[in-house]
Amino acid sequence: DLTESDVITLNITDSGIAAPAQLPIFSPARPCYLADVRQVVVAGSGALGLQNGQGVFKVTWDGVGQSMTEANIHASGGEMRKWPAMVKWNAGNVYEVEVSGINAHPLHFHVNPYQIV
């Protein structure tokens, strides 16, 4: 269930007023959280499912998970911060995640940086 969409559209028109400026070639250093991890050994993988329908939003990991409704939050200890983790990742490792249902909710991870390939 892949969704393709345009992120930005640029319309550039030559005004003919001035010659184009010669810009210097520049290659900025990437900060560590922007490292290209496509060639790194993957420590683990899983499937993240996002579902939104009939007033219920649900996130699953490898098919397991329940809706984060107020009733389920109270059944889990009464506080959102007590909601159990869906998966545990070790810091410094690379994990591969296959995402489905991205049209249900904007994809984001709390705390962990990620690279889309």
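Select Thr 60 to begin: at 6% relative accessibility, Thr 60 counts as buried, since a residue needs to be under 20% to earn that label. You will find Thr 60 in strand 2. Keep in mind, as you look around, that this is a predicted model.

Now show what surrounds this threonine. Which residues is Thr 60 in contact with, leaving aside its neighbours within four places in sequence? They are Ala 47, Leu 48, Gly 49, Gly 65 and Met 86. Buried residues make up 10% of the 117 residues in the chain, and Thr 60 is one that counts as buried.

**Across to strand 1**

Pick Ala 47 from that list of contacts. Ala 47 belongs to strand 1, which covers residues 44-53. Is Ala 47 buried or exposed? Neither label fits: at 31% relative accessibility, Ala 47 is partly exposed. Colour its partners next. Not counting residues up to four places away in sequence, Ala 47 touches Thr 60, Trp 61, Asp 62 and Glu 98. While Ala 47 is still selected, draw a distance to Gln 115: the two are 68 residues apart along the chain, and their C-alpha atoms are separated by 16 Å.

**Into the loop**

Asp 62, one of the residues that Ala 47 touches, is the next stop. Asp 62 sits in the loop between strand 2 (56-61) and helix 1 (70-75). Check its backbone: phi is positive, at about 50 degrees, although Asp 62 is not a glycine. With a relative accessible area of 47%, Asp 62 is partly exposed, because the exposed label asks for over 50%.

**A charged pair**

Select Arg 38 and Asp 36 together and show their side chains. The two side chains meet in a salt bridge, at 2.6 Å from N to O. Side chains of opposite charge can pair when their charged atoms come close. How many salt bridges does a search of the whole structure find? The search finds one. Its arginine, Arg 38, is exposed, with a relative accessible area of 54%, whereas Asp 36 is partly exposed at 37%.

Before leaving the charges, colour them by sign. The chain has 6 positive and 10 negative charges, and the mean positions of these two sets are 15 Å apart.

**Out to the N-terminal segment**

Go now to Glu 4, in the segment before strand 1 (44-53). Glu 4 counts as exposed, at 80% relative accessibility. Add Ala 104 to the selection: Glu 4 and Ala 104 are 100 residues apart in sequence, yet 14 Å apart in space, C-alpha to C-alpha.

**Zoom out**

Finish with the whole chain in a cartoon view. You should be able to pick out one helix and three strands. From the N terminus on, these elements run β-β-α-β. The radius of gyration of the chain is 21 Å, well over the 13 Å that the globule rule gives for 117 residues, so the chain is more spread out than a compact globule. Rotate the C-alpha trace and you can follow its span of about 65 × 35 × 25 Å along the principal axes.

Switch on the surface for the last view. The accessible surface of the chain comes to about 10300 Å², and 55% of this belongs to carbon and sulfur atoms. If you also have a contact map to hand, consider the contacts with a separation of 6 or more: residues 24 or more positions apart account for 51% of them.

Notes. Residues are numbered from 1 along each chain as its sequence is written. This is a predicted model: local features need pLDDT of at least 70, side-chain atom pairs count only at pLDDT 80 or more; totals for chains, interfaces and linings use all residues. Side-chain values use heavy atoms; hydrogens and water are left out. Helices (H or I, at least four residues) and strands (E, at least two) are DSSP runs, numbered from the N terminus. The radius of gyration is taken over C-alpha atoms; the globule rule is 2.2 Å times the number of residues to the power 0.38. Buried means under 20% relative accessible area, exposed over 50%, partly exposed in between (1.4 Å probe, protein chains only). Contact means heavy atoms within 4.5 Å. Accessible areas come from the Shrake-Rupley method with a 1.4 Å probe; for residues, only the protein chains shown count as cover. Lys and Arg count as positive and Asp and Glu as negative; His and the chain ends are not counted. The place of a charge is taken as NZ of Lys, CZ of Arg, CG of Asp or CD of Glu. A salt bridge is a side-chain nitrogen of Lys or Arg within 4 Å of a carboxyl oxygen of Asp or Glu.
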